[in-house]
Every structure is written in structure tokens, then in C-alpha cells.
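Please open the model in a viewer and keep the selection tool at hand. The tour below proceeds stop by stop, saying at each one what to select and what is found there.

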Amino acid sequence: MDPMTFSIIRHRLFRIIDEAVITLKHVSGSAITNEGHDLMVSLYGADGSLLMGGVGFLHHLTSAAEACKAIIRRFEGRIREGDVFLLNDPYTAALHTSDIYLVAPIHFDGKLVAWSACFVHVYDIGAMNPGGFSPQSTDIYTEGFSSPGIKIVDQGEMVQDVVDTMLNMVRSPEMVMLDLRSMIACNNVARERTQALIAKYGPETVEAAGAELIRQSQDLFRARLQELPDGSWQSRQYLDVEGETATVRLTMTKKGDRLIFDFSGSSPQSRHAINCTRWAALGGLFAPLFPLLCYDITWNEGVIRLVEMIAPDGTIVNCTRPAPVSVATVGAIQSVNNAACATIGKMLAASDKYRGQATAVWHANHFAIFKFGRNQKGSQSIGILTETFAGAGGARSFGDGVEIGGEVPNPISRMANVETVESVFPIRYLFRKRKQDSGGPGRWRGGTGGELAIVPHKAPDGGLHYVISGKGARHPMSDGLAGGYPGAPNSYRWARKDQPRNGDDDARLPGGAEPVSWGVFPLMGEDALYVRWNGGGGFGDPLEREAERVERDVTEHLVSSEAARDVYGVVLSNDGALDAVATEALRREMKRERIGREAAR
Amino acid sequence: MKDIRTWSPTLVSVPGAGGGYRSIACRACETPFCRTDAVWKEHAVLDEKPLTQTGAAFAGAGREVLLRRFFCPSCGTTLDTEVALPGESFLIDRIVE
């Protein structure tokens, strides 16, 4: 194929997704979509294979491919131009019920030529807890509306009885309908622009370009794998929920042009909704793989062909029905993200050519906190604290992680402005800021996470309630790399005005605080909810960090003077100035103490 | 010229002293401390302590959660870290040479 034509079509396909994402955001009325960017749009071939992966949460790229294939199987012979299908069953393809896929066939001259697929986390899905994350659910049956495939638009006409049936099962149906309309609009734009592209270049040319695109990705990824060292790398992730700890274990083996992710040894599926299904685990490992290994390769089926996953049945990474999965995206899926990020980081760091691409684990622990209740305008509101998308960058082999710098699995994640949240919820922020010492120490420091506190404000009912799926307060999850420390773990605390303080309580909060992590809690009166989210992992030995950088970190309140001394071996005077002589002596002494210990065996 | 190969940012492999095998060495000081077919972490210096003792930011972590630091026996450089529960096996990373 003429390389210029190929490049134009490739670029145009990507821009079609770009425009569809913009459409999705503009039509949606949910902060989780248009502020947090908890979304995804991609294009798929006529057989449902991933053709051009888009942005947003990348664990959906492969799962939505499976959704397209499931629709093809279920509706064979009944797929017509202008149809739109809904699928959100996690045991068929979706990640959890509240992440709804709308997939739409793209026809040209009456022939099915491609699919567009998108998702948003809908306002509500009718699970036992509002907002979709349902920590109190003990099985899939209490996690809301769930469909393995249903047609909601038939040749351009809304199938109203079907849509109404679904809306009848959810809270705030008008907002869920807006979510559905945003996805229909998104798919309409993707379809129209793809048809225009085919009309301009011809169906044979565009089909040939698609095939070439997949072949090119496969060839480029194969070449990259062959440049990387053969070997195996391990990581593990602990998830604590209600006093129980589950473990995701991963051995990643790279041999020649093959990459195998083996999750054998991971914990049995949990009674808590942190489990994920097989398709979700597969998506979870590709979410970091695409940006870390294929940053210059089109994300499509050509990459997927070179990767194998082993995930034993009945485990936390491949649970069996009816295990609950509503918290999967911030539970086992994110741990799969983190474990894959860690092993890929180690593999890259073991390559002289690719060490510059290696990274410690970024923001590894989402918290899903959904506020709900009557707001200052008298209407019911449900919405996530979008700070969970703010993230923290992992340290790289050449530099610090970015403070509150996002996350690997979603290249466009972000948080809403404080004012945006305060305008639609009856709350006020006491503070929202970078959290000192949260970035994993290292030669290169992990980016800091953040902290916030909110209180009720102008609430007609005296406050509101929130659903929290806050695992991960006991274990740090943002692993360091090459001797770097992990980022500090999350913390969730309910500060009560009428509770006496003890010595450890935060003076910025209205009273004594107790931990909260899992379930539904009130935020009433003059109480406050405090949340701290994790920093990124560090890279390299903290004693190797340039002392001047530590001095600057302390000046900017990113690192405490205590951590500077105890972890980095940097001595500062009372006015914060670096004492180079004392620092050199302290570091020499700290290294001497290390050597004096016994070997591990 | 010495045949030094990368294992990680902190480790390299070098020809074994007796020939016929290769050894793991600290990248910083190039001192070998075990053969490449061994579990190198078993031959490094291990510092294992509760994560809560690492600093105030980790004060809320579980008391049973450990931070393992593996040091070069010769120069004391940190070779790797891992978070573990008591009794957990070492994470094993290997290069196939």
C-alpha cells in the first residue's frame, strides 16, 4: 500500500476516536466522565478485533473487543445499520456492571465493515449501593442491572421499551439516560466519520489499511520484544478489605517475541467485590502494557497476539459467577495493572537500550468514594470524588515522578476543580493539597499523592452519605524500582466534631478521627471526611539522591526534614539549609551500618 | 575487556572467577557475590523491618507489613526493595543469558 495513503488513513482513524471522545464528554452530564475522564472509545474490525485503541481507561480496549465479539455471536444475522447494542455483564466481557459498553456496527454500502465501542461509568446501575461501586454486595445479583447483550437502538430508532426497563431499575434515570445518549452520540460520530473516510478512499483501500495497521503493530511489537532481554520478573500486590488480605501474584516471562503473564498463586476469589473476571484481568495487564511497551506503536490486535495470560479459575483475577465484582476496577484490576507495571518496569530497566522508559509503579490505589444525597438545590446527587483520578507519577530512571501526576492505565485522567464539586454537592473543602512524604523515596523520588478534607455545607438534610470502597490503607501498592521505596499508602478517616482528639489526630480536622474504608457512612453536621491518596514509587537508592534535591523538596514541603535525615541521610540546619559535611558523614555511616548486617540466607 | 552484562539498574553479571559460569555483581562496586543460577537476594544483605518504622507517611500501614531492603554486601548500595508479609518468599527476577 502507498505509505502516504496508509499514514493518512491511520492518522484519520485516530482523529475519529478523538472527535468521538470530545462528543462523549460534551453530551455527558457526569463529573466522572467529563471531569475524571473515566471513559474509553475505540474502533474495532468487522470481526470485533481491536483496530485502533483510543484513550481513557485502557483496560477497556481488549474487553470492549470481547464485547463486540459477544454481540456478533448473539445477534448473528440480526445486526443492521444504525443498531446500537448495550453490554455490561462482567462475566461476558465488561469490567463491572456500571461500566456500560455501547457497541455499534459501522456499515458501508450495506456491508458490516467495522465497529465502534465506548463506555462510561454510568451515574447509577441499580446496585445495592448508589453509584455502581457496591462494597456491600456479596454476589453479582446485588450489583444492579446486568446484560450480556441487548439492542437499545434498532436501525436508528430507540428501542424505548428496553431502555425504559433498564432505567426503571436505576437511581437518577434521567442522568443515566444522558449517559446513554452521550455514548450513542459518540458512536454516531465514530460511524459517520468512518463512513466518510471509506467514501473518500474506497472500502478496499481502508480495509487494506486496517489489515496493514494490525500487521505493522505486530511486527513492531515483535521487534521490540526481541530487543528486550529474555527472563522472568515477579511482583505481588496485597489488597486489604475489612481485615482480610488478598494477594495478586504475577510472574511475567519474556522469551523471544512472546510475553506471558502468569497469575498462578493469586488468592482465591473473595467474598468482597474486589474480584475481577478473566476479561477484566486481560484488560488490566494491557492497560500498562500499551503505554509502556507500545508508546510508539498503534494499540491493536497485532500487539495482543504476542501476549498470553494465565489466570487460574476461581481466583481473585478470574472469578467464577456469581462472585461480586462491582469494585473490580479499583480492586483486582488495578492490582493487575500495578503488578504488570512493576514487571514491565523491571524488564525495561534490565535493558541498556530501554532503561530510559522504565518506571516505578504510578498511582496504584484508587479509592472509590461516591457521595449521595439531596444537594443545596434540592435535587438528588450522586457522584464520585474525582481526586481518585488525580494520581501520582512513579519515578523514572532519569527523573522524579510527577506530583499528583495521573496514572499509567488512563493517560487522560484528571480531577475536577474544587468549585465544580462544591457547586453540585452540599460540601465544602477544608483543603486539597500535595501530601508531604507520600512520594516513594529514591535516587529519583516518586511523585507525591494528595490529601483532602470535606465537610457538609448548606445541606438541606444536614449533610449527605457516601459509599466508600477504600481498600489499600494497610499496604502500599505503588512499588518502587531498583531500590526505590514504595509510595505511602492511602488513608481514609472520619473526623467527628464530638469526638475527643488524641495525640495523633490532625489539628486541621474538627475532632477525633477514626478509620473508615468499606461501606456506607454519613457525613453530617460538623464532621469531616479526610482522604489521603498514595504517592508514586521511587527509583534507586535514596542515599544516592542529590542532597540539593532533598533540600529543595523540604523547602517545598514535599519531604519532611525527618524523612530527609532518616531516609535520605540529608542533614539540614534549623533554617533548612543543607549541611553538606554532616550529610556526607551521615550517609557514610548509614552505608556502613548496612554492610555490617548478615546476608539474607 | 571484561564481559559485563546488565541484569538490572543495580546488578550486572560478570564471568565467574573459575570460568564456566557467571556471577551476579553489584553494578556500583562490581563486586560479585553469587552465581547467576542462585537466588541473588539470598546472598545480599537483607534489612527487613515493619513499614511503619520507615517514616510518618507509613504510620497507618499494617503493623505486620514489612519493607525489605537488599544491600550489596560489599558497598552497601540498595539493590532492590520489596513489600512483604511475614514468611513471604522473595520476589525472584532472572535474566536468561
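**First stop: a sheet in chain B.** Select strands β5, β6 and β7 of chain B, which form an open sheet of three strands in that order, with antiparallel pairing. Strands and helices here are DSSP runs (E, at least two residues, for strands; H or I, at least four, for helices), numbered from the N terminus. Two strands pair if DSSP finds at least two bridges between them. The edges of the sheet are β5 and β7 of chain B, each of which pairs on one side only. On average, neighbouring strands are turned by 20 degrees against each other, direction ignored. Now restrict the view to β6(B) and β7(B), an antiparallel pair joined by six bridges. Within this pairing, B:L66 stands opposite B:A84 in β7(B).

Before moving on, note how the model is to be read. This is a predicted model, in which local features need pLDDT of at least 70 and side-chain atom pairs count only at pLDDT 80 or more, while totals for chains, interfaces and linings use all residues. Residues are numbered from 1 along each chain as its sequence is written, and chains are lettered from A and ligands numbered from 1 in the order in which they are written.

**Second stop: where chain B meets chain A.** Display both chains: 39 residues of chain B are in contact with 48 residues of chain A. Contact requires that the C-beta atoms of two residues, placed from the backbone, lie within 7 Å. On the side of chain B, the elements that give two or more residues are β5 (45–50), β6 (66–71), β7 (78–84) and β8 (94–95). The largest share, five residues, comes from β7(B). By class, this side of chain B has 21 nonpolar, 12 polar and six charged residues. In this classification Ala, Val, Leu, Ile, Met, Phe, Trp, Tyr, Cys and Pro are nonpolar, Asp, Glu, Lys and Arg are charged, and the others, Gly among them, are polar.

Next, select strand β8 (residues 231–241) of chain A together with β8(B): two bridges join these antiparallel strands. Centre the view on A:S232, which stands opposite B:R94 in β8(B).

**Third stop: the domains of chain A.** Colour chain A by its domain assignment: domain 1 (3–219), domain 2 (359–539) and domain 3 (545–595). These bounds come from an automatic or database domain assignment. The centres of domain 1 and domain 2 of chain A, taken over C-alpha atoms, are separated by 30 Å. Between these two domains, 20 residues of domain 1 are in contact with 23 residues of domain 2. The domain 1 side of this contact divides into nine nonpolar, eight polar and three charged residues.

**Fourth stop: helices α1 and α5 of chain A.** Select residues 3–27 (α1) and 173–201 (α5) of chain A, two helices that pack at an angle of about 160 degrees with their axes 8 Å apart. The angle makes α1(A) roughly antiparallel to α5(A), a description used for angles over 145 degrees. Axes are lines fitted to C-alpha atoms, for helices over the stretch in contact, and angles run from 0 to 180 degrees between N-to-C directions. The crossing of α1(A) past α5(A) is right-handed, that is, the near helix is turned clockwise from the far one by less than a right angle. Residues to show as sticks include A:I9, A:I16 and A:L24 in α1(A), and A:M183, A:V189 and A:L197 in α5(A).

Just before α5, pick A:S172, in the loop between α4 (160–167) and α5 of chain A. A:S172 has a positive phi of about 50 degrees although it is not a glycine.

**Fifth stop: helices α7 and α9 of chain A.** Select residues 278–293 (α7) and 332–349 (α9) of chain A, which pack at an angle of about 40 degrees with their axes 8 Å apart. The crossing of α7(A) and α9(A) is again right-handed. Among the residues in contact are A:G284 and A:L285 of α7(A), and A:V336 and A:A340 of α9(A). The contact has 13 nonpolar, two polar and no charged residues.

Then select A:P322, in the loop between β11 (307–310) and α9 of chain A. A cis peptide bond, with omega of about 10 degrees, joins A:R321 and A:P322.

**Last stop: a sheet in chain A.** Select the four strands of the open antiparallel sheet ordered β13-β12-β16-β19 in chain A. Its edge strands are β13 (380–384) and β19 (518–524). Finally, β16 (residues 463–469) and β19 of chain A pair in the antiparallel sense over seven bridges, and A:V467 stands opposite A:V520 in β19(A).

Notes. Angles under 35 degrees count as roughly parallel, over 145 as roughly antiparallel, 65 to 115 as roughly perpendicular and the rest as oblique.
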